[in-house]
Amino acid sequence: MGDFSAIGPGTDLPRYARDLVRMHDAVIGGGRSPLRPRTVVARSWSRVLAAGLSPAGSNARAVLPFDEVERRRRASPLAETIGGLTQVVAGVADASQMIMVVTDADGVVLWRSGAARVRHRADTLGFQEGARWTESVVGTNAIGTAIAEAVPVQLFSGEHFEQSQHPWYCTAAPIHDPRSGELLGVVDVSGPALTLHPAITALVGAAARLAEGEIARGQVDRLERLRTAAMPTLSALTGPVLLVDENGWVAHSSGVAPVRRIGIPNAGRAVHVPGLGLCATEPLRGGWVVRPVGTEATIRLTLDLTGTPVVHATGGETEWRAALSARHAEILLILHRAGARGVTVAELSTALHGDPDHAVAVRAELSRLRRTLGAVIESRPYRLAPSVRLTVTPPEAIGNPAPRGSSSI
């Protein structure tokens, strides 16, 4: 995870905080300063200034209602890690005048615990459950910058963009799904700037690894339970078959080369599985049974861009339609143009955002698109599966830089 500390042992915290505040005011104001921001800070300040945020005071905060926070908690894979994180981090946080915060991948604060006095001070910043702490909302902060940079980040005093955050330090590390690499959220420890200790970076790094380890162990247990529950059904089947959970992770395979995961199954929709070809999916409590459909080996997609983007699909014994966002239609067009060569995540980020630095956002969009379409997109590189035949209507849209309606994205 590397050393991402903002300070070193023996740092004179009051003096360094004053120097950083002077540097902030000079650099943000367009002047000169003998102290220059660290590279990660400079990149973040550039992004935040380009977004039009103000360093004076606090930028507008919007707090999600309690019902939405509860919905996000239930949907988050991090829910199963909160008990362990609280035991390891929050106990230290309470004794050391700091707070622990866990967000989802969107930067929304879902859980917060620690010293009551520090929680009260955090409330005055809008640093509370339901608040979105991304760079585009609250400027340079450890949570938002960790999401933007996809690395752990520690910020001290004047390294924050907003002046209201200068009395604070914050240390954040992304938590990734150990199975897929997908960003699940961020764990952060924050407190009064002059209480920062160099060991905080190790504490937060250990918390992220703890969460990822608990998720991995939970996955093993869930697949074992699914396998045990499905055995009566599987024992009655002949021929190649896969048993997968609701996210496509393989719990059991028979008659097919071992594979860890397939595209996320979708009710009533055929999926492409390497080694099996076109397959039908049958729902089972907690997962799916996946079996070949026969000789038909093609999923035919028609992407209709004459109005609101719509995809029409036929394959095996299934036929279905789904509305797409303009961004998802744009991704399909890019993959269609790329053909069998496909595109890397950096290339797709550049095509969609103008630079290669939005890998996290690209992977999230691909995950959402796969949930809509089923297993028609392969990864590493991203490309349409060999069994997919895509037709675009009108044909001239293939040569356009983006589908109709995507200019507002």
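Which helix and which strand each supply at least two residues of the lining of the second largest pocket? Keep in mind that you're working on a predicted model.

**Exercise 1: Work out what lines the second largest pocket.**

Step 1. Start with the opening question: helix H11 (359-373) and strand E14 (377-378) each supply at least two lining residues.

Step 2. Now look at shares. H11 gives the largest one, with 4 residues.

Step 3. Put that beside the total, which is 29 lining residues. Nearest the pocket's centre lie Ser180, Arg261, Arg370, Ser379 and Arg380.

Step 4. Sort the lining by class: 14 residues are nonpolar, 7 polar and 8 charged.

Step 5. Finish with the volume of this pocket, about 900 Å³.

**Exercise 2: Decide whether Thr171 is buried or exposed, and find what it touches.**

Step 1. Find the residue on the chain: Thr171 sits in strand E4 (residues 168-176).

Step 2. Check its relative accessible area, which is 0%. Buried means under 20%, so Thr171 counts as buried.

Step 3. List its contacts, leaving out residues up to four places away in sequence. Among them are Phe4, Ala142, Val153 and Gln154. Val187, Asp188 and Val189 also touch Thr171, as do Ile200, Thr201 and Val204.

**Exercise 3: Describe the span that UniProt lists as "domain: GAF".**

Step 1. Get the limits from the record: the unreviewed UniProt entry gives residues 100-214.

Step 2. Look at the two ends of residues 100-214, whose C-alpha atoms are 18 Å apart.

Step 3. Add the secondary structure: 31% of the span is helix and 30% is strand.

Definitions and conventions:
Residues are numbered from 1 along each chain as its sequence is written. This is a predicted model: local features need pLDDT of at least 70, side-chain atom pairs count only at pLDDT 80 or more; totals for chains, interfaces and linings use all residues. Side-chain values use heavy atoms; hydrogens and water are left out. Buried means under 20% relative accessible area, exposed over 50%, partly exposed in between (1.4 Å probe, protein chains only). Contact means heavy atoms within 4.5 Å. UniProt positions are given in the numbering used here, feature names are shortened, and annotations may be inferred rather than shown by experiment. On a 1 Å grid over the protein atoms alone, a cavity is a set of points where a 1.4 Å probe fits but cannot get out, and a pocket is an open set with protein on both sides within 12 Å along at least five of seven lines; lining residues have an atom within 4 Å of a point. Grid points are joined across faces, edges and corners, and a volume is the space filled by probe spheres set on the points. Ala, Val, Leu, Ile, Met, Phe, Trp, Tyr, Cys and Pro count as nonpolar, Asp, Glu, Lys and Arg as charged, and the others, Gly among them, as polar.
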